[in-house]
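Subject: A structure for you to look at

Hi,

Here is the structure I promised to pass on. Have a look at it first, then read my notes below with the viewer open.

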Amino acid sequence: MLGGTAAAGGLAVAGCASRPQDVRIGFIVKMPQEQWFQDEWRFARAAARTYGFSLIEIGAEDGDRVLSALNTLYARYASGFVICAPDPRLGPAIANFARDTGMKAMSVDDRLSGPGGAPIAGIPHVGISALAIGDVAGTAAAREARRRGWAPAATGILRIAYDSLETGRERTAGAVTALRREGYTQVFDAPQRTTDTEGAFTAAAPVLTARAQIDRWIIIGLNDETVVGGVRAAEGLSLPQSSLIGIGIGGSEAAIAELAKARPTGFFATVLLSPRRHGYDTSAAMYRWIVTGRRPPETVLTSGTLMNRDNFRAVLARETMA
């Protein structure tokens, strides 16, 4: 936990030197070894080059390390920080630290929460809208189904569901809402025990088998691996690629492997989640807040970019530019 005594000790040490003139911004992430956070840092460094501030990257996997990171930033004269905390419930302590030190704070990816799970007021947040991402997937699936001439009455929607995870539930809910909006309403749930390809295959196979009269399927799920598992289950029942529209979420290696195959598979597209906005835009917004006083919006929720066989190389090339 973040403690006032420990924080005060850090502040006492930091107050002994004169403040440098350059702008220094911290960027704290909960899992520094994961590619998503590595990419956020990479784009944050690009923002630092563009705007001319100093970026301080710190990994903090638990509450004690968050405390250490915040004290380090204060000791190094950071004017503000962007944080993805390992536990959103650290929100009150982080907010108090920012208030007591005068540092500006933004959260990214996971929103900081207070008692009862309510968002911490006064800390701008940039996160991912699971519903909006699902909407992109569902809209793309409906558009492709229409292009192929699939009648809604003859089309099944396989929702491979992991509803115990809020993000997963919201992603598939967004996709189903978009599909229903376009007239595709035959939804069949396949609850999965694990979110990998094997778990999705195990969940999807009996649902598809029980509805053998349907030979055109839209397959949705919370991530790429889930949708790949659903596609493999359909292929195992001799459904051809032309009768499947699988739309994943994430833009993972599993999705790229499917899209790069010489012959198309039932995995049609994925919604790429972009770390650029979460790294570059948050850091640039923090810099403007520090220098000009222009406060970032209270909440910004990002969506994703549809990536298919035709554009995935160009999209990935753009995303790696920093």
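One definition before we start: a residue is called buried if its relative accessible area is under 20%, and exposed if that value is over 50%. Also keep in mind that this is a predicted model.

Let's use that definition straight away on Ser79. You'll find Ser79 in the loop between α3 and β3. Is Ser79 buried or exposed? Its relative accessibility is 13%, so Ser79 counts as buried. While you're there, look across to Leu55: the two residues are 24 apart in sequence, and their C-alpha atoms are 11 Å apart in space.

The loop between α3 and β3 also holds Tyr77. Tyr77 is buried too, with a relative accessible area of 14%. What caught my eye is the backbone. Most residues other than glycine have a negative phi. Tyr77 is not a glycine, yet its phi is positive, at about 65°. Asp109 also has a positive phi without being a glycine, and here the value is near 70°. Asp109 sits in strand β4, and at 15% relative accessibility it counts as buried.

Now for the sheet. As a reminder, strands of a sheet pair through backbone hydrogen bonds, either parallel or antiparallel. In this model, 6 strands make an open sheet with parallel pairing, and their order is β2-β1-β3-β4-β5-β11. Which strands stand at the edges? They are β2 (54-59) and β11 (299-302); each has a single partner strand, so one side of each has no neighbour in the sheet. On average, neighbouring strands are turned by 15° against each other, ignoring direction.

For a closer look at one pair, try β1 (residues 24-29) and β3 (residues 80-83), which pair in the parallel sense over 4 bridges. One bridge to find in the viewer joins Ile25 to Gly80 in β3.

Next, follow helix α2, which lies across β1, β2, β4 (104-109) and β5 (125-128). Against β2, α2 runs at about 165°.

α2 also packs with another helix. Two packed helices are described by the angle between their axes and the distance between the axes. For α2 (residues 35-51) and α10 (residues 275-292), the angle is about 40° and the axes are 7 Å apart. That makes α2 and α10 oblique to each other, and their crossing is right-handed. On the α2 side, the contact includes Trp36, Phe43 and Tyr51, while the residues from α10 include Pro275, Tyr280 and Arg288. Sorted by class, the residues of this contact are 10 nonpolar, 4 polar and 4 charged.

There is a second helix pair to set beside that one. Helices α3 (residues 63-75) and α4 (residues 91-101) pack at about 15°, with 11 Å between their axes. How are α3 and α4 oriented to each other, roughly parallel or oblique? Angles under 35 degrees count as roughly parallel, and α3 and α4 are therefore roughly parallel to each other. The crossing of this pair is right-handed. Val66, Leu70, Asn71 and Tyr74 from α3 meet Ile94, Phe97 and Thr101 from α4. By class, the contact of α3 with α4 has 5 nonpolar and 2 polar residues, with no charged ones.

Happy exploring!

Methods: Residues numbered from 1 in each chain as written. Predicted model: local features only at pLDDT ≥ 70, side-chain atom pairs only at ≥ 80, totals over all residues. Heavy atoms only, no water. Axes fitted to C-alpha atoms, helices over the stretch in contact; angles between N-to-C directions. Helix = DSSP H or I, 4+ residues; strand = E, 2+ residues; numbered from the N terminus. Parallel < 35°, antiparallel > 145°, perpendicular 65-115°, else oblique. Left-handed = near helix turned anticlockwise from the far one by under 90°. Contact = heavy atoms within 4.5 Å. Nonpolar A, V, L, I, M, F, W, Y, C, P; charged D, E, K, R; others polar. Pairing = 2+ DSSP bridges. Buried < 20%, exposed > 50% of the residue type's maximum accessible area, 1.4 Å probe, protein only.
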